[in-house]
Amino acid sequence: MDEARSRDASITAWALAARGGDRIAGEHFVRALHRDVLRYVAHLCADPEAVDDLAQDTFLRALGSLHRFEGRSSARSWLLSIARRAVIDSYRYASARPRPADVPDWQAAVERAQPCGLPGFDDGVVLLDLLAALPEERREAFVMTQLLGVPYAEAAEAGGCPIGTVRSRVARARATLTHLLTEAENHHPAQAPAAHPTQKAMAAA
């Protein structure tokens with residue numbers, strides 16, 4: 001936990017330095033959070049072809065808004081809130097025009113964009129299938145707090161809702177995932193691992 005806070009503090013310091021015109025700090029800021037933004041956008045976006053573009057749009061918006069960033073929250077939560085708005089804006093734009101019938105679902109986007117090491121990926125992308133069953137708001141809260149490690153208070157700020165709402169969504173998501181995982185393992189007992197990494201993600205506070 002201390003390591004995560006130290007990382008967040010460093011990233012926030014880079015963002016503040018970049019706001020003051022430090023180009024090297026800006027590069028550090030982008031590199032440090034590029035993976036997190038890709039992961040987050042991939043979990044929210046329905047179009048796998050748009051993931052990279054949305055991540056790029058997120059950073060363009062952030063760099064253009066750095067003069068308004070004051071460091072009251074971590075730079076990571078601030079950036080993820082921008083990513084969330086970028087995805088929402090893309091949905092609004094897409095709803096205004098016809099959508100191709102052959103666009104793959106969001107699970108394919110996650111599978112391609114997600115780096116190895118996310119809980120569940122070592123077991124045949126089990127977590128992807130489970131997350132797909134969650135309502136969007138619960139999935140978003142779970143991804144932010146349990147997979148990306150964003151504190152509840154900052155996830156609430158990014159999502160524009162009370163912290164209690166985030167906690168409730170995460171708790172309900174965890175309960176649903178636990179139920180679905182138990183069902184899956186009961187149907188395929190021979191394939192059930194002794195300590196499933198998805199369970200570790202759900203047990204994390």
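These notebook entries record what I looked up in a predicted model.

**Entry 1: helix 1**

I began with helix 1, which covers residues 2–19. I compared its span with the expected value: at 1.5 Å a residue, its 18 residues should span 26 Å, and the end C-alpha atoms are 26 Å apart, so the two agree. I then looked up which residues of this helix are buried, and found Asp8, Ile11, Thr12, Ala15 and Ala18. Viewed down the helix axis, these buried residues fall within an arc of 120 degrees, so they line one face of helix 1. I noted the general reason: an α-helix has 3.6 residues a turn, so residues three or four places apart point the same way. On the other side of helix 1, I found Asp2 and Glu3 exposed. Just after the helix, I recorded a positive phi of about 105 degrees for Gly21.

**Entry 2: Leu33**

I next located Leu33 in helix 2, residues 23–44. Is Leu33 buried or exposed? I count Leu33 as buried because its relative accessibility is 1%, and the cut-off for buried is under 20%. Setting aside residues up to four places away in sequence, I found that Leu33 touches Arg7, Ile11, Phe59, Ala75, Arg76 and Leu79. Among these contacts is Ile11, which I had already listed as buried in helix 1. I also looked up Phe59: Leu33 and Phe59 are 26 residues apart in sequence, and their C-alpha atoms are 9.4 Å apart in space.

**Entry 3: Glu140**

Finally, I located Glu140 in helix 7, residues 136–147. Glu140 has a relative accessible area of 10%, so I recorded this residue as buried. Apart from neighbours within four places in sequence, Glu140 is in contact with Tyr40, Leu44 and Arg84.

Conventions:
Residues numbered from 1 in each chain as written. Predicted model: local features only at pLDDT ≥ 70, side-chain atom pairs only at ≥ 80, totals over all residues. Heavy atoms only, no water. Helix = DSSP H or I, 4+ residues; strand = E, 2+ residues; numbered from the N terminus. Buried < 20%, exposed > 50% of the residue type's maximum accessible area, 1.4 Å probe, protein only. Contact = heavy atoms within 4.5 Å. Expected span 1.5 Å × (residues − 1). Arc of directions from axis to C-beta.
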